[in-house]
Amino acid sequence: MDMRRIGRVTLTTFEWLGVIVFGLLLLIVLAISVTLSCVGKDPEPMGEDHLTAEAVADQAEVEMMAPAPTADEAKSLFAPVHRVLASPRCANCHPEGDRPLARRGGAHAMNVSRLSADDGLACGTCHAEHNSVVPDGPPGAPHWGLPPAETPMVFQGRSVTALCQQLRDRERNGDRSLDELLHHISEDPLVLWGWQPGGDRATPPISHEKFVAGFTAWVEAKGICPGETEPPALDPVEGETEAAESGEAPV
Ligand code: HEC
Ligand code: HEC
């Protein structure tokens, strides 16, 4: 009888051990899966391209500097182009007023402005053809400088619609046709610099390839802007400038 009892007691002890071991295993599996689900979490999606922390900070700044797009603007052909133009890598050299902006949208050191060259302090005094390798040194690309005072080509703080209308306007864009603009944004060294900005500067929010593709689509749609069902007649042939400007269709 003792043997049976002991046998039974022994069995029960094993059962208990089994329950405890099984419970522990369950807890461990649970702990591991909880840990994995936290550690391995994907970063929040931030648009089409992967954005670095720098880019997120820069983008937040753009949103502060340029009015938020309306629903119509956001789905317009010009929206992706606007996102690039309004980004700091471009808008810093296309500012409101005479002073370039420096990083984080702040003021450029030494009160540099369009007039500085007159005082013997041309952009090229500090900005070379290549980015400085010194931390916080001046970035560089060929012909570093601001757009001319007569056509300042302001990108900073412009809404999608305002910038769209300004960019296609020959009186404000340096007398360029849409095709010439496309050529400019595809190949100009100052534009290309935006994607090779040096240091820890963020690149614009979409790749240069996607920017060119978006710009091409806009050019193929003849520079249409939000709120329009048809783009206005652009690029008037010589002699018909006045007719186009007064809104009459060229003959
Ligand atoms: C005295 C030297 C000096 C002169 C002159 C100068 N810069 Fe700069 N610039 C710098 C330095 C250094 C930086 C990098 C530090 C920074 O971004 O704040 C810089 C940064 C910039 C940036 C920021 C680039 C970016 O997006 O991060 C722009 C834009 C710029 N300069 C434009 C100009 C223009 C346009 C001129 C001429 C009108 C000019 N600078 C003249 C020294 C100079
Ligand atoms: C170092 C300053 C600088 C930077 C950075 C810069 N630009 Fe410019 N941009 C200029 C100057 C100067 C002109 C005028 C060139 C001319 O008339 O030949 C210009 C002209 C343009 C034009 C044509 C005219 C118009 O209507 O605006 C476009 C488009 C343009 N830039 C786009 C960009 C884009 C996109 C970026 C960023 C990826 C950029 N720029 C960055 C200096 C700069």
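These questions and answers go through a predicted model of a protein chain with two ligands.

Q: What makes the pattern of the protein chain purely helical in its lettering?
A: Read along the sequence, the pattern is α-α-α-α-α-α-α-α-α-α. The chain has 10 helices and zero strands.

Q: Why are α7 and α9 called roughly antiparallel?
A: Helix α7 covers residues 178–187 and helix α9 covers residues 208–220. The two pack at an angle of about 180 degrees. Angles over 145 degrees count as roughly antiparallel. Therefore α7 and α9 are roughly antiparallel to each other. Their axes lie 10 Å apart.

Q: How do you know that α7 meets α9, and which residues take part?
A: Residues count as in contact if their C-beta atoms lie within 7 Å. On the α7 side, Leu178, Asp179, Leu182, Ile185 and Ser186 take part. On the α9 side, they meet Phe211, Val212, Phe215, Thr216 and Val219. By class, this contact has seven nonpolar, two polar and one charged residues.

Q: What makes a residue part of the largest nonpolar core?
A: The residue must be nonpolar in type, buried, and joined to other members through C-beta atoms within 7 Å. The largest such core has 19 residues. Phe78, Val81, Leu85, Leu163 and Cys164 touch the most other members. Helices α4, α6 and α9 each supply at least two residues of this core. Helix α6 gives the most, with four residues.

Q: Which residues is Phe78 in contact with, leaving aside its neighbours within four places in sequence?
A: Phe78 is in contact with Val160, Cys164, Trp218, Cys225 and Pro226.

Q: What share of the protein chain counts as buried?
A: Of its 251 residues, 22% count as buried. To count, a residue needs 20 or more other C-beta atoms within 10 Å of its own.

Q: How do you know which residues surround ligand 1?
A: A residue is near the ligand if its C-beta atom lies within 6 Å. By that rule, 24 residues surround ligand 1. Pro100, Ala102, Cys123, Cys126 and Pro138 are the closest. The shell divides into 13 nonpolar, seven polar and four charged residues.

Q: What makes up the shell around ligand 2?
A: There are 23 residues around ligand 2. Cys90, Cys93, Met153, Asn173 and Gly194 come nearest. Helices α4, α5, α7 and α8 each supply at least two residues of the shell. By class, 15 are nonpolar, six polar and two charged. Gly counts as polar, so Gly194 falls in the polar class.

Definitions and conventions. Residues are numbered from 1 along each chain as its sequence is written. Chains are lettered from A and ligands numbered from 1 in the order in which they are written. This is a predicted model: local features need pLDDT of at least 70, side-chain atom pairs count only at pLDDT 80 or more; totals for chains, interfaces and linings use all residues. A residue is buried if 20 or more other C-beta atoms lie within 10 Å of its own, exposed if 12 or fewer, and partly exposed in between; C-beta atoms are placed from the backbone. Axes are lines fitted to C-alpha atoms, for helices over the stretch in contact, and angles run from 0 to 180 degrees between N-to-C directions. Angles under 35 degrees count as roughly parallel, over 145 as roughly antiparallel, 65 to 115 as roughly perpendicular and the rest as oblique. Two residues are in contact if their C-beta atoms, placed from the backbone, lie within 7 Å.
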